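Biologist: I would like a close look at one part of this model, namely its interior. Please describe the enclosed and open spaces, the packing around them, and the individual residues that deserve comment.

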Amino acid sequence: RSTPRGAASFDVHATPAVTVHMIHSPTTKPTTDSRWPLDPDIEVVVTIDVTSRSVDDNQVKISYYNREGNELAVAWLYLTCVDVSLDVDVSRSGRVKSKGKDKAKWTWGPDGQGAVLLVNCDRDSPGAGGTDSGQADIRTPAGRVRSRGAPGGIPHFHALRPCPLCPPDLQDMSVMLLRTQGPSAIFAEYRVVLHVPETDADKVRVFHAVRGDSHPHYKPVLGPDKLSYVLERAGHGDSTFYVEGLAFPDRGFSGLVSFSASLLEVPHKDSPGTPIFTDTVVFRVAPWIMTPNTQQPLEVFVCSIKQGSDSNEAFLEGLRALQRKAGCRLTVCSEQDTRSDRWIQDELEFGYVEAPHKTFPVVFDSPRNRGLKDFAFKKILGPDFGYVTREPPGKSVTSLDSFGNLDVSPPVTVRGKEYPLGRILIGSPLPWASGRRMSKAVRDFLFAQQVQAPLEVYSEWLSVGHVDEFLTFVPALDRKVPAPAASPGAPKIPFSSCLSSAGIWGMELLGGGPGGWSWGGRGASQRGTGLFHPPKGPGVTAGLSPAGIPAAPGQSQRLLPALQGEAAAGPRGSHAPFGPAVGGQCCLERRVRELLEPLGLSCTFIDDFFSYHVLAGDVHCGTNVRRKPFAFKWWHVVP
């Protein structure tokens with residue numbers, strides 16, 4: 001429509017910074033003098049890779065010719081190139097690289113890409129009332145609100161990651177860079193807007209590092225009540241933003257959040273603007289990850305009970321001896337802090353969160369809510385130690401909500417499917433039966449983390465109903481990981497084949513049956529559906545045959561010793577069995593040694609008879625262990 005009358009061909013010339021691309025069919029060719037026929041199928045695309053120094057400093061000249069080759073007219077295209085780029089740590093290297101590819105896509109696996117975001121669930125300021133994610137301002141360790149600024153009045157802008165000189169709060173966040181470069185006159189007529197979808201806004205908060213007179217000011221710009229932010233000084237290079245997660249993956253939230261930077265044309269000051277370019281990045285919120293007994297212990301927690309006939313002083317002495325062997329830290333929680341609640345395994349579970357630039361432990365507080373109800377929040381939550389909890393609606397809980405009913409296997413590969421971070425085990429009733437069940441709020445949370453594929457296990461045949469009453473995992477020098485299952489029947493296990501590639505003897509941690517289920521039933525099992533079946537090899541256990549599981553739930557008590565691993569390979573703590581003496585030695589103690597010591601484990605038997613055992617518990621129920629995180633990166637998992 002704009003070509004001159006009589007034009008038959010054209011050519012294109014441009015200034016050096018401009019690259020001209022001719023898109024045409026294979027049969028269309030230019031003439032010897034580089035002129036192209038006026039064909040509607042020909043497209044001319046121009047690109048510029050160099051930011052303009054001034055407005056209209058790049059030009060494209062299009063000349064039109066008639067059939068005789070005479071120039072009929074000339075059209076000029078004036079171009080100004082600006083750089084608007086939103087960048088994050090797409091490569092998961094701990095460093096933000098500019099102009100990454102496919103930034104709006106997040107993929108799993110060792111060859112995947114996409115940035116990672118931590119939930120800022122620790123408490124870097126002792127004076128804060130809750131977790132840092134609940135604070136609208138960044139706080140220093142002394143509790144001073146800095147509008148999120150650097151210490152000592154020294155300006156620090158970090159293009160790669162938060163540095164050690166920044167407030168600790170910033171180090172729990174991920175860096176996002178917004179680059180805007182180009183002639184200032186352009187940015188006087190166009191706006192650069194950073195924005196977040198409304199569906200993601202309550203999951204994140206973003207702070208802009210704004211240079212102040214003496215130190216940077218960290219201004220909250222996006223979050224639950226802020227969907228967009230206009231960059232005030234666009235065109236002056238990199239603007240640094242810090243992003244914190246406010247919510248873990250959960251039911252209805254996959255963990256993915258996105259941010260976009262748009263260049264808007266604004267014809268007048270009251271106009272909302274028209275986007276002419278948008279760059280988008282995606283983060284995935286790091287999941288909460290459990291650690292199995294086979295990971296190295298870092299700290300053992302136990303409650304001190306000094307009052308009454310069921311005092312655990314003798315138990316503590318045995319535990320201290322075991323701790324000296326294992327070489328890990330022992331934390332004895334006072335009776336005042338625990339309100340005389342000794343069952344610390346039931347109250348909480350230790351795990352961790354990890355991003356390429358930061359890893360820290362996170363305690364998961366159960367909805368059990370007895371004497372230890374506030375212990376994790378008041379005594380464990382702190383600098384670089386996070387906290388998360390889930391409460392069911394109506395506060396209705398059962399014994400199966402206690403975290404003695406929550407365990408995780410070591411890494412395993414079964415039928416070609418890899419679980420490099422193991423599988424979470426949840427004790428439950430049979431899928432078709434009514435009865436006690438772990439709260440849906442807790443189960444939804446665990447399933448939503450994705451990287452440890454939870455498996456529900458039939459445990460309600462026990463009166464307490466916890467999975468830790470009949471199953472644990474121990475390491476061995478040959479790197480196989482047996483799963484001893486204690487019960488008073490024949491030396492068989494009611495569940496499982498050998499998970500051969502990881503050497504796990506225990507539950508069949510496969511895809512399970514319908515809904516991620518495995519169970520120990522009466523009679524034959526079905527391998528194809530992931531139901532339990534007896535092992536083909538010798539079990540490292542004094543176990544229960546499949547026919548020995550009660551038909552009715554809640555009728556059985558756990559009587560045999562339980563284990564608590566104090567070292568990844570080495571000393572193991574066990575309930576002192578006090579079984580019948582045969583030849584001057586407890587027959588149960590001898591049997592436990594015969595089973596575990598050939599694996600390279602040394603056994604320490606601790607007197608917990610009156611302090612735990614007669615109260616329907618054991619050494620595992622009365623202790624809790626924080627362990628070393630996996631070396632394997634969770635983003636390399638393929639769910």
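Modeller: The account below takes the spaces, then the cores and aromatic pairs, then single residues.

The structure is a predicted model, in which local features need pLDDT of at least 70, side-chain atom pairs count only at pLDDT 80 or more, and totals for chains, interfaces and linings use all residues. Residues are numbered from 1 along each chain as its sequence is written, and side-chain values use heavy atoms, with hydrogens and water left out.

Rolling a probe the size of a water molecule over the atoms shows where empty space is left. Here a cavity is a set of points, on a 1 Å grid over the protein atoms alone, where a 1.4 Å probe fits but cannot get out; a pocket is an open set with protein on both sides within 12 Å along at least five of seven lines; and lining residues have an atom within 4 Å of a point. Grid points are joined across faces, edges and corners, and a volume is the space filled by probe spheres set on the points.

Seven cavities of 30 Å³ or more are found in a search of the whole structure. The largest cavity holds about 130 Å³ of space. It is lined by 15 residues, of which Thr291, Asn293, Gln345, Glu349 and His620 are the closest to its centre. At least two lining residues come from each of β20 (348-355), β23 (406-408) and β36 (623-627); strands are DSSP runs (E, at least two residues), numbered from the N terminus. The lining comprises six nonpolar, six polar and three charged residues, where Ala, Val, Leu, Ile, Met, Phe, Trp, Tyr, Cys and Pro count as nonpolar, Asp, Glu, Lys and Arg as charged, and the others, Gly among them, as polar.

The largest pocket has a volume of about 510 Å³. Among its 19 lining residues, Cys81, Val82, Asp83, Val84 and Phe277 are the closest to its centre. Strands β7 and β16 (274-285) each contribute at least two residues to this lining, which divides into 10 nonpolar, four polar and five charged residues.

In soluble globular proteins, nonpolar side chains tend to be buried together. A nonpolar core is a set of buried Ala, Val, Leu, Ile, Met, Phe, Trp, Tyr and Cys residues joined through side-chain atoms within 4.5 Å; buried means under 20% relative accessible area, exposed over 50%, and partly exposed in between (1.4 Å probe, protein chains only). The largest such core has 63 residues, and those with the most contacts inside it are Met176, Phe241, Phe259, Phe283, Trp288, Leu446 and Trp634. Apart from it lies another core of 14 residues, including Phe350, Leu372, Ala376 and Tyr387.

Aromatic rings of Phe, Tyr and Trp (its six-membered ring) pair if their centres lie within 6.5 Å, and planes under 30 degrees apart count as stacked, over 60 as edge-to-face and the rest as tilted. By this rule there are 20 aromatic pairs. In one of them, tyrosine 229 and phenylalanine 241 have ring centres 6.3 Å apart and planes at 80°, so the pair is edge-to-face. Tyrosine 229 lies in strand β13 (residues 228-230) and phenylalanine 241 in strand β14 (residues 236-245), 12 residues apart. Tyrosine 229 is buried at 10% relative accessibility, and phenylalanine 241 is buried at 0%. The rings of phenylalanine 609 and phenylalanine 610 are also edge-to-face, because their centres are 5.1 Å apart and their planes are at 80°. Phenylalanine 609 is partly exposed at 28%, whereas phenylalanine 610 is exposed at 57%. Phe248, Trp288, Phe364, Phe403 and Phe445 form one aromatic cluster.

Histidine 466 lies in the loop between β27 (455-458) and β28 (498-499) and is buried, with a relative accessible area of 3%. A polar atom of its side chain lies 2.8 Å from the backbone oxygen of serine 399.

Serine 93 is in the loop between β7 (83-87) and β8 (115-117) and is partly exposed at 36% relative accessibility. Its side chain makes a polar contact of 3.1 Å with that of serine 91; such a contact is a pair of N or O atoms within 3.5 Å, and within protein one must be able to donate a hydrogen and the other to accept it, while residues adjacent in sequence count only if both atoms are side-chain atoms. The side chain of serine 93 also reaches the backbone nitrogen of arginine 95 at 3.4 Å. The C-alpha atoms of serine 93 and alanine 355 are separated by 9.5 Å, although these residues are 262 apart along the chain.

Methods:
Helix = DSSP H or I, 4+ residues; strand = E, 2+ residues; numbered from the N terminus.
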